[in-house]
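Biologist: Please take a close look at a single part of this model and explain it to a first-year student. I should then like to see what surrounds that part described in the same manner.

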Amino acid sequence: MSKQVEETQAYKDKQNLQWVGKPVKRIDGSEKVTGEQKYKTDYNYPNMVWGKVLRAKYPFAKIKSIDTTKAEAHPDVVCVLTHKDIPGFNGFGIVTPDQPVLCENVVRCTGDAVALVGAETLEAAESALELIEVDYEVLDPVTDAEKAMVQGAPKLHPDGNIHSHVSIRNGDIDKGFEEADYIFENTFYSPRQMHAFIETEGGWGMLKPDGSLMIQCPAQYGHRDKLQIARALALNPERIHVYSSPNGGGFGGKDEITVQIHLALLAHNISGRPVKIHLSREESVLAGIKRHPFKVTVKTGATKDGSLVANKVCAIADTGAYASLGGAVTALAIEHASGPYKIPNVDMEGFCVYTNNGIAGAFRGFGVNQVCTGIETHIDMLAEKTGLDPVEIRKKNAYRQGDVSSLGHVVKSSVGTIETLEKAEQCDLWKNRDLYKSQVSEPWKKRGVAIATSFHGVGMGLGSPDYGAATMELLEDGRFKVGVAIEEIGTGNGTVYAQVAAECLKCSLDHIIVVQGDTTKTLDSGTISASRSTYTGGRAIATAAPNMINLLSETAAEILDVPKSEIELANNKLMVAGDESQFVTYKQICEILLDKRKSTRVEGHFYLPKEKEELRNSGGAPHHLYGYMTHVVMVEVDTLTGQTDVLKVVAIPDAGKVLNPQGLEGQSEGGAVMGIGYTLYEDVLIEDGMHKTKNFTDYIIPTIRETPEIVTIPVESNEETGPFGAKGIAEVVMIPIIPAIMAAIHDATGARINRLPATPERIYHAMQATKKPSLISR
Amino acid sequence: MKVSEIEMISPQTVEECLYHLGEKDKTSRFIAGGTDAVVRMKDGAWLPDTWINIKQLDSLRYIKEEENGIHIGPLTTHTDIVHSGLLQKKADVLTAASKEVGAVQLQNMGTIGGNIATASPAGDTIPTLFVLDAQIELTSLMEKRIVPINEFFVGPGRTVQAQEEMITNIIIRPQTENEIGIFEKLGPRKAQSISIVNVAISLKMGEKSRECLGGKIAFGSVAPTIVRSEKCERMLTINPLHDEAIQDIAGAAWKEVMPISDVRASAKYRRSMASALLERGLYRLMKRWDER
Ligand SMILES: Cc1cc2nc3c(=O)[nH]c(=O)nc-3n(C[C@H](O)[C@H](O)[C@H](O)COP(=O)(O)OP(=O)(O)OC[C@H]3O[C@@H](n4cnc5c(N)ncnc54)[C@H](O)[C@@H]3O)c2cc1C
């Protein structure tokens with residue numbers, strides 16, 4: 001058998017699975033639950049220096065001079081650094097490195113870093129910041145993305161304020177609208193959501209005696225961080241080691257550089273002492289990456305029979321002061337802006353625009369959250385107008401595997417939309433919605449039930465490299481060390497890696513040790529983002545496994561003195577086929593290999609399948625693979641106050657084969673709650689470039705009391721290319737719930753809220769606008 | 001003053017506390033549960049020379065009925081209040097408010113004395129103290145004085161309590177047999193939220209169906225200090241509190257308040273919500289009264 005064929009069979013074998021698809025406990029579960037797990041920022045070291053960042057005083061200003069003399073004179077200060085101390089390139093950014101490590105001439109948002117202080121104590125570092133004198137020439141901030149696009153607006157960057165412009169056109173949009181019996185047009189505004197991870201940005205760094213640099217910090221792509229650090233410090237990336245797992249939450253907010261380069265700079269100026277930076281929550285609110293607020297204008301045309309015939313979208317994304325992943329976010333938004341449907345005529349464009357409003361970047365959902373509301377709301381309006389069933393309209397317009405999507409490409413990978421919609425129709429909440437709606441808890445409350453569906457690309461899309469790699473090492477005690485660089489950010493991907501490895505190697509789960517996020521021990525395997533880590537990491541392991549089996553079988557054949565073809569893989573051992581008395585354990589094999597000075601380590605590499613051709617000007621569309629999802633929700637609105645509770649959620653993801661049901665539920669429930677937060681509560685308010693929201697006091701995330709009953713019903717559309725048929729769902733789980741809640745509020749009250757979050761005040765005023773004040777006992 | 005330079009002392013008696021409080025050359029401040037104090041210390045707003053830690057002063061942690069009312073020690077936690085049978089029976093409006101403070105963790109640490117002394121316009125127990133005619137006992141080395149609650153607060157974060165004084169007792173009027181109370185809060189979410197508007201209502205009911213003999217209504221978070229809504233209170237006794245009467249009374253509330261706009265809500269919405277919460281509260285109270 002050729003290696004390729006063996007490998008293909010290993011990850012496709014869905015018979016007699018021992019670990020895959022089973023609700024195995026998380027390998028890091030108990031330490032997480034007990035709080036014993038230490039994150040990188042939990043560590044303190046003897047002789048440690050505290051690092052602090054001086055942030056810009058104004059959202060937009062020229063720097064005339066920076067004087068650090070007084071700060072340097074502080075008795076407890078070890079060093080004060082400015083742009084002058086950067087040996088390499090003073091900039092970073094995943095795609096466009098337009099964000100200064102330390103600002104030189106101009107500051108573009110209040111999160112900007114102007115200087116660094118290293119001091120003996122945190123308190124000394126903080127007081128030294130106040131001693132740094134920066135002379136600014138204050139400029140008028142650019143605070144509205146649309147106005148920023150206009151000619152004559154002050155330019156934040158040399159090339160102007162439009163960072164990127166993408167568009168996708170298919171069919172004939174004018175003809176489409178001519179054919180339409182109904183046309184709906186609305187504008188939707190989305191919030192500046194914050195990742196609100198439990199572990200704020202931070203970490204520590206140290207220059208080792210051998211001159212290599214060690215950075216330990218929560219991050220979402222250690223191997224890329226190495227390159228960004230190297231560029232700024234003018235170092236050889238091979239001399240930088242990043243330890244980036246586990247994270248106390250990521251959600252995209254640690255995809256970009258957070259503190260790594262600052263740590264590296266400080267580490268180079270403190271004679272080998274360790275240095276720690278840990279952002280306070282307030283600083284994280286100010287300087288951390290946020291979700292892009294979008295203004296999306298959507299015009300949808302449909303015929304009487306419920307066919308969607310045209311969709312026109314214009315989205316404007318406020319990326320704040322720097323690009324980070326703004327261009328990619330905007331591109332993904334446009335790729336998804338017509339939903340998982342086959343609308344023959346579309347015209348969609350997106351602009352990613354610089355302003356002085358903080359910095360936006362990657363966040364779970366990556367632009368799709370912002371655009372899914374338009375098409376889904378319009379489908380509900382169409383249902384209302386025509387009397388057609390909203391689920392039927394969606395089923396009628398949804399593409400199936402092999403169909404041509406709205407983008408005009410043939411979708412070759414698995415598509416579960418229709419199955420998720422069917423499951424939704426059959427679920428208790430939808431079937432009995434009239435009964436549920438009648439059971440209001442108090443007479444002035446109103447309930448609504450609604451459904452929405454959406455999708456989300458898995459992996460990077462065209463134009464960005466997208467690969468996975470795994471190492472597998474047989475250890476002296478007969479266990480395997482499986483290395484995948486992709487970090488643990490809370491999702492439980494390590495457990496899935498252990499399951500896939502144990503399944504492929506036919507050993508018990510506790511014989512697998514998973515190593516993640518350590519650039520010294522793992523191969524570059526891409527980011528923990530884009531819903532890709534189960535799919536990519538799983539496939540990389542499934543690719544490495546046959547190499548390990550080959551190594552084991554060869555050695556076993558030698559020991560047992562039989563041809564390799566007679567060796568069979570059994571539980572935790574290899575035996576001669578048909579003769580259980582003749583076997584060797586993995587431990588024995590390791591001994592022999594070590595005796596012979598042979599390597600006990602193998603690798604597996606995997607390149608994600610891609611489409612052949614990129615749609616012109618689309619910025620990376622289409623993806624080869626998408627996860628699909630339908631949500632059904634019930635809300636209850638207090639018509640006296642506008643307070644709204646989500647009471648029930650049915651989450652129906654098309655995850656491909658579910659590798660770990662508990663992991664899926666964890667993602668599904670976490671995603672639903674994050675979607676509830678996005679829709680009803682969360683927004684970082686910035687006025688004139690200054691943060692109004694400063695802390696968790698005013699940034700409202702759902703608590704357990706806002707968490708409804710969530711039922712997850714997976715649809716397992718088999719994805720041929722995935723490990724054991726799996727694909728990714730980590731982002732789509734928070735998407736359709738957004739328009740579903742908006743529609744449920746409308747179902748309950750008749751009010752449509754197009755500006756999120758739908759706070760009690762906004763809902764109250766929208767209700768006031770639709771009718772007379774609601775009063776008791778009507 | 002830096003946080004690391006602040007001294008903390010933990011006196012064992014009230015006298016000792018008062019002695020330290022009287023020290024002229026040093027600024028000092030009490031720390032009870034610390035749920036306001038620590039937040040403000042980190043913000044740099046409260047940085048005294050000395051924290052006088054009083055959390056362990058169990059002599060100031062009590063709930064007992066005396067001749068002149070129910071006495072509540074300032075170190076009584078919100079959880080103590082929620083679990084007190086006496087208060088559930090005779091001051092249900094206060095137990096209801098303590099239940100709405102933050103969340104359980106906060107209620108375990110936070111004290112009623114701290115809630116009063118912080119004097120936030122959004123403090124949740126404060127409106128209930130207005131409808132229960134609370135009296136605040138202030139003690140200094142030299143004297144003890146009793147201040148009625150409506151004279152205690154002078155503005156956001158400001159009270160008549162002098163630097164050398166300590167709150168040593170809170171005396172409230174026990175509700176009688178036919179008195180019922182409710183606390184309504186509107187926050188941006190259900191737990192851990194600062195009130196956008198809150199209202200405490202206490203009613204004395206008569207023999208006839210929904211006959212109200214009198215009552216007190218106090219709004220929080222709608223003005224620099226608590227607003228007693230005298231106009232609405234007068235309307236309580238005009239008609240039995242059926243739905244229409246409730247709507248009329250609630251409809252008058254928005255004129256009684258003077259809220260501001262901030263990040264949490266606009267003044268306009270706060271005004272409407274004063275009416276909405278009163279309406280909801282009276283409705284719920286009457287339902288409970290009918291079902292008693
Ligand atoms: C997350 C969070 C949520 C919160 N939610 C709410 C809420 O929903 N509703 C609400 O009303 N509050 C809320 N608070 C505020 C706070 O918890 C309450 O005000 C609490 O009752 C304060 O009590 P404490 O014992 O912690 O006061 P401390 O912080 O210890 O002290 C507060 C102030 O009172 C003074 N003080 C304390 N005891 C005395 C005394 N005996 N005599 C004189 N002065 C004294 C102190 O010197 C200090 O100035 C919240 C706070 C946090 C951190």
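Modeller: In this predicted model, Ala452(A) faces His631(A), a residue of strand 24 of chain A. Strand 24 covers residues 626-638, and its partner is strand 16 of chain A. The two strands run antiparallel and are joined by 13 bridges. Strand 16 itself comprises residues 445-457 of chain A. Of its 13 residues, 12 are buried, so the strand is mostly covered, where buried stands for under 20% relative accessible area. As a general point, the side chains of a regular strand alternate between the two faces of the sheet.

The other part of the description concerns chain B. Its secondary structure consists of 12 helices and 14 strands. Chain B has a radius of gyration of 19 Å, close to the 19 Å that the globule rule gives for 292 residues, and is therefore as compact as a globular protein of that length. Measured out along the principal axes, its C-alpha trace spans about 60 × 45 × 30 Å.

Burial can also be stated for chain B: 54% of its 292 residues count as buried. When contacts between residues at least 6 apart in the sequence of chain B are considered, 60% of them join residues at least 24 apart. The accessible surface of chain B amounts to about 12700 Å², and carbon and sulfur atoms account for 51% of that surface. Finally, chain B carries 36 positive and 38 negative charges, and the mean positions of these two sets are 6 Å apart.

How values were computed. Residues numbered from 1 in each chain as written. Chains lettered and ligands numbered in written order. Predicted model: local features only at pLDDT ≥ 70, side-chain atom pairs only at ≥ 80, totals over all residues. Heavy atoms only, no water. Helix = DSSP H or I, 4+ residues; strand = E, 2+ residues; numbered from the N terminus. Rg over C-alpha atoms; globule rule 2.2 N^0.38 Å. Buried < 20%, exposed > 50% of the residue type's maximum accessible area, 1.4 Å probe, protein only. Contact = heavy atoms within 4.5 Å. Areas by Shrake-Rupley, 256 points an atom, 1.4 Å probe, with all protein chains shown as cover. Lys, Arg positive; Asp, Glu negative; His and termini not counted. Charge placed at Lys NZ, Arg CZ, Asp CG, Glu CD. Pairing = 2+ DSSP bridges.
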